[in-house]
Amino acid sequence: MLQVLATTFPFFALVLCGFVAAQRGLLPLPAIPGLNGFVLYFALPCMLFQMGARTPVAQLLDTHVLLVYGGCALLLVAGVVTAGRRMGLDWNNAAFGALVTAFPNSGFMGVPLLVALLGPAVSGPVILTMLIDMVFTSSLCLALSRLDATAGGQGAAVALRNAAGGIVRNPMPWAIALGAVASAAGLALPAPVSQTVGLLAAAASPVALFTIGAVLARARIQASHQDPAGPTRMLRGRDDVVLALVKLLLHPLLVLGIGYGLRACGLPLDVAVLHVLALVAALPSASNVSLLTERYGADSARVARIIMVSTALAFASFAGFVAWLA
């Protein structure tokens, strides 16, 4: 356990550094979108391209991973949305509560952290979970969020089209796809281009983790200036902790339970791959969900609190799952 904590500590320490820098004003809040842009459009795509190019295509097209991880995401979304609706939330807030619970921070945190812990062999399953969350989980929750008659005048079909447009504009799926093509064709970049990609890829992990902390600090600062009245005011203070625990504990346990159940029924899913899926599910909530929440008019303060609580608690809970499964 101490060895696991020693490996994970630098990753969470970088998140804390970003949080403190933004909270103390060392990093101006207007600079945070620039950091996000660098990670999203340059550093992280280069890292994903490298990993995709080094990963056998069969791992990037593993239907067993799709069945287990995607099925668990569907069950989790259904459960959280149902619970939210029974507690009186509208579709918009119930859907974004489900998205922040089911969408782990696999891009900015999971890929570098799991590769550091388990080696480059985990790249294939982790990258595939990212595609599932970006294409399936987020699209489903965005469609559900538009079922309210007052949800910005948009319907589920419009939300799905917007989600599809967002996927097309997101460079990460394209980087993964190009890496898969390079892997399948055995292509190699020219040396100068490869070195440039390598330099950007090397910057992805530290800058992404620092940016997570800065984004969380910005969300906290903005939430402190918001009017506490709103559709989820009565839930704050208890709902954020509950959903953070669902993300950190129930989600990975659900993946393990469904995975081992399907293996018992004959699904040829490797145990090591199943454990990687569970560790992805044990990651804290994705920080970019707060941006989507604000864009679609849901309670962004509530979602930001869930992300912050899950990130803080994940230092211990994630290390526990790693010690158990790795």
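A residue counts as buried when its relative accessible area is under 20%. The model described here is predicted. Helix α11 (residues 239-264) takes part in a salt bridge to helix α14 (residues 300-325), and α11 also packs with helix α5 (residues 91-102). The count of salt bridges comes to 2.

**Salt bridges**

- Arg302 pairs with Asp239 in a salt bridge whose closest N and O atoms are 2.7 Å apart.
- This pair joins distant parts of the chain, with Arg302 in α14 and Asp239 in α11, 63 residues apart.
- Both Arg302 and Asp239 are buried.
- Asp240 forms a salt bridge with Arg305, and here the closest N and O atoms lie 2.8 Å apart.
- The link between Asp240 in α11 and Arg305 in α14 again connects distant parts of the chain, 65 residues apart.
- Asp240 has a relative accessible area of 4%, so it is buried.
- Arg305 has a relative accessible area of 34% and is therefore partly exposed.

**Packing of α5 and α11**

- The axes of α5 and α11 are 8 Å apart and meet at an angle of about 40°.
- Angles under 35 degrees count as roughly parallel and 65 to 115 as roughly perpendicular, so α5 and α11 are oblique to each other.
- The crossing of the helices α5 and α11 is right-handed.
- On the α5 side, the contact is made by Gly97, Val100, Thr101 and Ala102.
- On the α11 side, Leu243, Val246, Lys247 and His251 make the contact.
- By class, the residues of the contact of α5 with α11 are 4 nonpolar, 3 polar and 1 charged.

Conventions. Residues are numbered from 1 along each chain as its sequence is written. This is a predicted model: local features need pLDDT of at least 70, side-chain atom pairs count only at pLDDT 80 or more; totals for chains, interfaces and linings use all residues. Side-chain values use heavy atoms; hydrogens and water are left out. A salt bridge is a side-chain nitrogen of Lys or Arg within 4 Å of a carboxyl oxygen of Asp or Glu. Helices (H or I, at least four residues) and strands (E, at least two) are DSSP runs, numbered from the N terminus. Buried means under 20% relative accessible area, exposed over 50%, partly exposed in between (1.4 Å probe, protein chains only). Axes are lines fitted to C-alpha atoms, for helices over the stretch in contact, and angles run from 0 to 180 degrees between N-to-C directions. Angles under 35 degrees count as roughly parallel, over 145 as roughly antiparallel, 65 to 115 as roughly perpendicular and the rest as oblique. A crossing is left-handed if the near helix is turned anticlockwise from the far one by less than a right angle, and right-handed if clockwise. Contact means heavy atoms within 4.5 Å. Ala, Val, Leu, Ile, Met, Phe, Trp, Tyr, Cys and Pro count as nonpolar, Asp, Glu, Lys and Arg as charged, and the others, Gly among them, as polar.
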